[in-house]
Amino acid sequence: MSDTIRVALLGNPNAGKSALFNKLTGARQKIANYPGVTVERVAGILTLPDGTQMEAIDLPGAYAFDASSPDEDVTRKVAQGEFPGEAEPDILVLVLDAGNLEQHLVFAQEVLALGKPTIVALNMVDMAERDGLKLDATVLSQALGVPVVETVAVRRRGIDQLKAAIAEARGQVGTLADRPKMDATERRLEARTIAKATVFQTSRARRIGDRLDNVLLNPWIGPLILLVLLFVIFQAVFAWAAPLSDALDAGAGALGAWVKAEMPESILRDFLTEGVIAGVGSVVVFLPQIIILFLFILIMEATGYMARAAFLMDRLMAGVGLSGRSFIPLLSSFACAIPGIMATRSIADPKDRLTTILIAPLMTCSARLPVYGVLIAAFIPARDVGMGIGLQGLVMFCLYLAGIVAALVVALVLRGTLTRGEATGFIMELPRYQLPSIADIAIGLWQRAWVFLRRAGTIIFSATVILWVLLSFPQAEPGESQVDVSIAGQIADGLNVVLEPIGFNREISLALVPAMAAREVAVSALATTYAIDASDEEAEAEGLASTLSTRWSLPTALAFLAWFVFAPQCLSTIAVARRETNGWKWPAFMVGYLFALAYIFAGITYWSAVTLGL
Amino acid sequence: MTLESLQPGHRARIASIDWDALPPADGKRMRALGFEPGVEVSMAHHGVFGGRDPVAVSIGRMTIALRKVQAAAISLEQA
């Protein structure tokens, strides 16, 4: 592999670089971190028309090599071959936005000064034309001294020509062209001159985007539209996902029943049906919700609306010492805190970023939904509280709200104490609106779904299996309760001493142990606990919700809900926080403060409910 | 007059920028986005609910969101 040619894509943010990368390499991309920093490394294989394969990497978007963010620092070091452990790229593909040449050509001068074989992809020429710009690629090519290929990455235009130009550039690999080295002012002047020569016609066409922004960024209508959009997203996450989740659930149930019917009765059969199939099945049912939420997030990002949402939310976030940039990570955290915490990389200010990481687990992630769902179904009557609002939905809404309010309060407190610092800035380019390509969205969804399934397939699977073993051994003598005798029962006895004062029973203590792996495991753990405890098939078949409603008091159920608003019961989140903060200090603080809040609020909820006679 | 008091739809030229009033990272980023004396800017949008924090400014062919504190460091003259 050592003689494989390496191609690197680089350019300003919003040049359409990732869409171009998708078209050059396809869906099989390797996403990892650059060692030692929390910047994503995206790599893929580029196949030329003659079948030659090259390694391609998509470098983070940069405005300049003179870094003001960790992303730009990585781009500079990799492009110059100074990043330890990262091979120097042989060919550079410089992606420029045809509609914003004067700006993008500034960084282009810096890249060209490296002297490496370079090809310019003059991207989004269709949008430039729509904006009334007419460009001459030949003039640009002569001025820069490198080949220029016109592309429209989202429409797949110019990809073959770009590949042909890359194939051509192979002959120059290893040579360094002598190109002028300029300072920042000279670069800007040169960019202006070249852009003027290249763009031979500008009509003052009123841009469609301006008209859209007049509505979407209207000081009064804009926030309202965002609110409605968020409401639609959550509605979709619940309503659209339900039939798909039910189908997956039924599938897991049918598989379990089939295995049970086909296999002779044995400990292995119980392990497969009650441990493996039930456990993994209880997690895979979230896949539809995660995919639907990410579908919206990816569309918002690809169209350019996400930056507007950040603009609209900046005022509110500034109120608790954060910026609009924290909005995207926090929104992602409603699906899952892991992609949310990873998305904090776009926040340049380290204290802003740390605060956002610490509050991300308070956003109600989809893993809490089954826990909330089972308890609400069991304890909250499906009553109408007027105006067509159901009591069950209202309780769910309050649980979401509790998480959001807690996150804002915690952010405010942290910014005044542990992450104190001067008010941070918010400088953000609002990219032009763009119709995204279905293929790009599909690739993004596939990457997210794969990360989730891999997690479900490993951590959650192992946790469920370990719990099953802990619950099944040692086996009870006739007349004894299996739960009481098991190893897990003995661990729960110890934990119960601490949790009893806040209204938790031993079954809850038992479920919380494996639920450290992931919150949703609490449901399968409770199901497993009560299922194994039952002596006949009929009781086992009884729904978990109806079992709980007869065994738990209402104050206990409410306290359990309050606990899950706060408790950091997710090993993956803790692991990601450790990786993103480069140490155990902050994850330890995060786990500590969240458990403390969980204990206090579960206790308050329990004793308030008891006092009120619920 | 400084940038944050420019009314939506109005244009002006940047007269000077008080770089010392800005954190170094903000200054670097603003320079990279093309903020410098002599450049024409226009106010595209004010922030939510009539506030001016943040504002959206048109510069070149881009729209850039800025906070009031950053916009206040940019002094304007008639275009």
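Me: In this predicted model, what stands opposite Arg13(B)?
Reply: Glu40(B), in strand E2 of chain B. Arg13(B) falls within the residue range of strand E1 of chain B, residues 11-17.

Me: How do you know that strand E1 and strand E2 of chain B are paired?
Reply: Count the bridges. There are 3 between E1(B) and E2(B), residues 40-45. Pairing needs at least two, so the two strands pair. They run antiparallel.

Me: What makes E2(B) and strand E3 of chain B a pair?
Reply: E2(B) and E3(B), residues 55-59, share 4 bridges. The threshold is at least two, so they pair. The sense is antiparallel. One of the positions is His45(B), whose bridge partner in E3(B) is Ala56(B).

Me: Which residue of chain B has an arginine over its face, and how do you know that the charge sits there?
Reply: Trp19(B), with Arg31(B) over the face at 3.9 Å from the ring centre. The distance limit is 6 Å, so 3.9 Å passes. Chain A has a case too: Arg308(A) lies over the face of Tyr433(A), at 4.1 Å from the ring centre.

Me: How many residues make the contact between chain B and chain A?
Reply: Chain B gives 29 residues and chain A gives 35. An interface is often sized by the accessible area lost when the parts come together. Here the buried area is about 2,900 Å². Carbon and sulfur atoms give 57% of that area.

Me: Which three residues supply 27% of the area that chain B buries against chain A?
Reply: Arg29(B), Arg61(B) and Arg67(B). No other three residues supply more.

Me: What makes E2 and E8 of chain A the edge strands?
Reply: Each pairs on one side only. They end an open sheet of 7 strands, ordered E2-E3-E4-E1-E5-E6-E8. Pairing in this sheet is mixed. The twist averages 25° from one strand to the next.

Me: How do you know that E1 and E4 of chain A pair, and in which sense?
Reply: There are 4 bridges between E1(A), residues 6-11, and E4(A), residues 53-58. At least two are required, so the strands pair. The sense is parallel. Val7(A) stands opposite Ala56(A) in E4(A).

Me: Which strands of chain A do helices H3 and H5 lie across?
Reply: Helix H3, residues 101-112, lies across E1, E5 and E6 of chain A. H3(A) runs at about 165° to E5(A). Helix H5, residues 137-144, lies across E6 and E8 of chain A. Its angle to E8(A) is about 155°.

Me: Why is the pair of Phe334(A) and Tyr400(A) called stacked?
Reply: The structure holds 15 aromatic pairs over all chains. In this one the centres are 5.9 Å apart and the planes 25° apart. The limits are within 6.5 Å for the centres and under 30 degrees for the planes, so the pair is stacked. Phe334(A) is in the loop between helices H14 and H15, Tyr400(A) in helix H18, 66 residues apart. Both are buried.

Me: What is the pair of Phe504(A) and Phe560(A) called, and why?
Reply: Edge-to-face. The centres are 5.9 Å apart, again, and the planes are at 65°. Edge-to-face means over 60 degrees, so 65° qualifies. Phe504(A) lies in the loop between helices H21 and H22 and Phe560(A) in helix H26, so the pair ties together parts 56 residues apart in sequence. Both rings' residues are buried. Both also belong to one aromatic cluster, which includes Phe379(A), Trp552(A) and Trp563(A).

Me: Is Ala602(A) buried or exposed, and how do you know?
Reply: Its relative accessible area is 0%. Buried means under 20%, so Ala602(A) is buried. Ala602(A) is found in helix H28. Its contacts include Phe504(A), Ala559(A) and Trp563(A).

Me: Is Trp584(A) buried or exposed, and how do you know?
Reply: Relative accessibility is 55%. The cut-off for exposed is over 50%, so Trp584(A) is exposed. Trp584(A) lies in the loop between helices H27 and H28 of chain A. Leaving aside neighbours within four places in sequence, Trp584(A) is in contact with Ile574(A) and Arg578(A).

Conventions:
Residues are numbered from 1 along each chain as its sequence is written. Chains are lettered from A and ligands numbered from 1 in the order in which they are written. This is a predicted model: local features need pLDDT of at least 70, side-chain atom pairs count only at pLDDT 80 or more; totals for chains, interfaces and linings use all residues. Side-chain values use heavy atoms; hydrogens and water are left out. Axes are lines fitted to C-alpha atoms, for helices over the stretch in contact, and angles run from 0 to 180 degrees between N-to-C directions. Contact means heavy atoms within 4.5 Å. Rings of Phe, Tyr and Trp (its six-membered ring) pair if their centres lie within 6.5 Å; planes under 30 degrees apart count as stacked, over 60 as edge-to-face and the rest as tilted. Buried means under 20% relative accessible area, exposed over 50%, partly exposed in between (1.4 Å probe, protein chains only). A charge sits over a ring if NZ of Lys or CZ of Arg is within 6 Å of the ring centre and within 35 degrees of the ring normal. Buried area is the accessible area (1.4 Å probe) that two parts lose on being put together, summed over both.
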